[in-house]
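Work through the following exercises with the sequence and the model side by side, and try each task before reading its solution.

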Amino acid sequence: MEGKISDSIFTSVMVGQLPEAVAWIRGNTEYPNLSGVAMFFEAPFGGVLVEVEVYGLPEENVNGFYGLHIHEFGNCTHPFDKTGNHYNPNNLEHPRHAGDMPPLLGNDGYAWTAFYDERFTIDEIIGRSIVIHDMRDDFSTQPSGDSGTKIGCGEIIGNAQFENRDMRR
């Protein structure tokens with residue numbers, strides 16, 4: 001590789017193709033301006049590339065970190081209390097279960113992140129939800145990291161449900 005960003009496998013996947021699944025994230029009643037999108041791409045060598053972009057995060061969060069997890073159910077009815085627990089098909093302790101994701105780092109209410117994960121497949125997460133919590137995940141408290149209130153939620157849907165929308169950048 002010559003060090004050009006266009007040579008990155010991850011970049012070529014995220015820019016060169018539509019995601020296999022997506023979740024449009026919306027805020028709870030306390031944070032109605034919170035909105036964003038999570039996109040899930042199949043990696044060419046297995047696993048999933050996840051890209052999340054969120055606006056309207058509460059700026060009063062002192063450390064700027066927000067918990068981010070996949071939850072069992074895709075019911076994002078306010079106040080997001082029907083999403084179930086973290087997605088954990090193998091009954092592993094926190095933070096090793098499939099629903100645990102790296103925290104979001106907000107800056108003036110905005111966060112963007114991208115990462116690779118091989119603990120789940122696209123098919124396994126369709127119909128589940130991605131949830132943003134108002135505090136950082138401590139990566140030790142069982143069963144969910146003591147990450148606070150659910151402030152954002154989006155149901156993960158497959159590309160057949162959004163194929164008519166232009167998701168390309």
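Phe45 counts as partly exposed because its relative accessibility is 46%, where partly exposed covers the range between buried, under 20% relative accessible area, and exposed, over 50% (1.4 Å probe, protein chains only). The model is predicted, so that local features need pLDDT of at least 70 and side-chain atom pairs count only at pLDDT 80 or more, while totals for chains, interfaces and linings use all residues. Residues are numbered from 1 along each chain as its sequence is written, and side-chain values use heavy atoms, with hydrogens and water left out.

**Exercise 1. Classify the aromatic pair that Phe45 forms with Tyr116, and locate both residues in the chain.**

Step 1: Rings of Phe, Tyr and Trp (its six-membered ring) pair if their centres lie within 6.5 Å, and planes under 30 degrees apart count as stacked, over 60 as edge-to-face and the rest as tilted. Step 2: The ring centres of Phe45 and Tyr116 are 5.6 Å apart and the planes stand at 50°, so this pair is tilted. Step 3: Phe45 sits in the loop between strand E2 (35-42) and strand E3 (48-55), whereas Tyr116 belongs to strand E7 (residues 111-117), and the two are 71 residues apart; strands (E, at least two residues) and helices (H or I, at least four) are DSSP runs numbered from the N terminus. Step 4: Tyr116, with a relative accessible area of 30%, is partly exposed.

**Exercise 2. Describe the aromatic pair of Tyr55 and Tyr110 in the same manner.**

Step 1: The pair is tilted, with 5.1 Å from centre to centre and 50° between the planes. Step 2: Tyr55 lies in strand E3 and Tyr110 in the loop between strand E6 (104-105) and E7, 55 residues apart. Step 3: Tyr55 counts as partly exposed at 45% relative accessibility, and Tyr110 is partly exposed at 28%. Step 4: The structure holds two aromatic pairs.

**Exercise 3. Determine the handedness of the disulfide between Cys76 and Cys153, and state whether each cysteine is buried or exposed.**

Step 1: A search of the whole structure, taking a disulfide as a pair of cysteine sulfur atoms within 2.5 Å, finds one disulfide. Step 2: The sulfur atoms of Cys76 and Cys153 are 2.0 Å apart, and the torsion about their S-S bond is about -60°, so the disulfide is left-handed. Step 3: Cys76 is in the loop between E5 and E6 and Cys153 in strand E9 (residues 150-155), with 77 residues from one to the other. Step 4: Cys76 counts as buried at 8% relative accessibility, as does Cys153 at 1%.

**Exercise 4. Find which residues have the most contacts inside the largest nonpolar core, and examine the setting of E5.**

Step 1: A nonpolar core is a set of buried Ala, Val, Leu, Ile, Met, Phe, Trp, Tyr and Cys residues joined through side-chain atoms within 4.5 Å. Step 2: The largest one has 28 residues, and those with the most contacts inside it are Phe40, Val52, Met101, Phe120, Ile130 and Ile132. Step 3: E3 gives the largest share of this core, four residues, and the elements that give two or more include strand E5 (68-71) and strand E8 (129-133). Step 4: On E5, Leu68 and Ile70 on one side and His69 and His71 on the other are all buried, and both faces are covered. Step 5: E5 pairs with E8 in the antiparallel sense over four bridges, pairing being assigned if DSSP finds at least two bridges, and Leu68 stands opposite Ile132 in E8.
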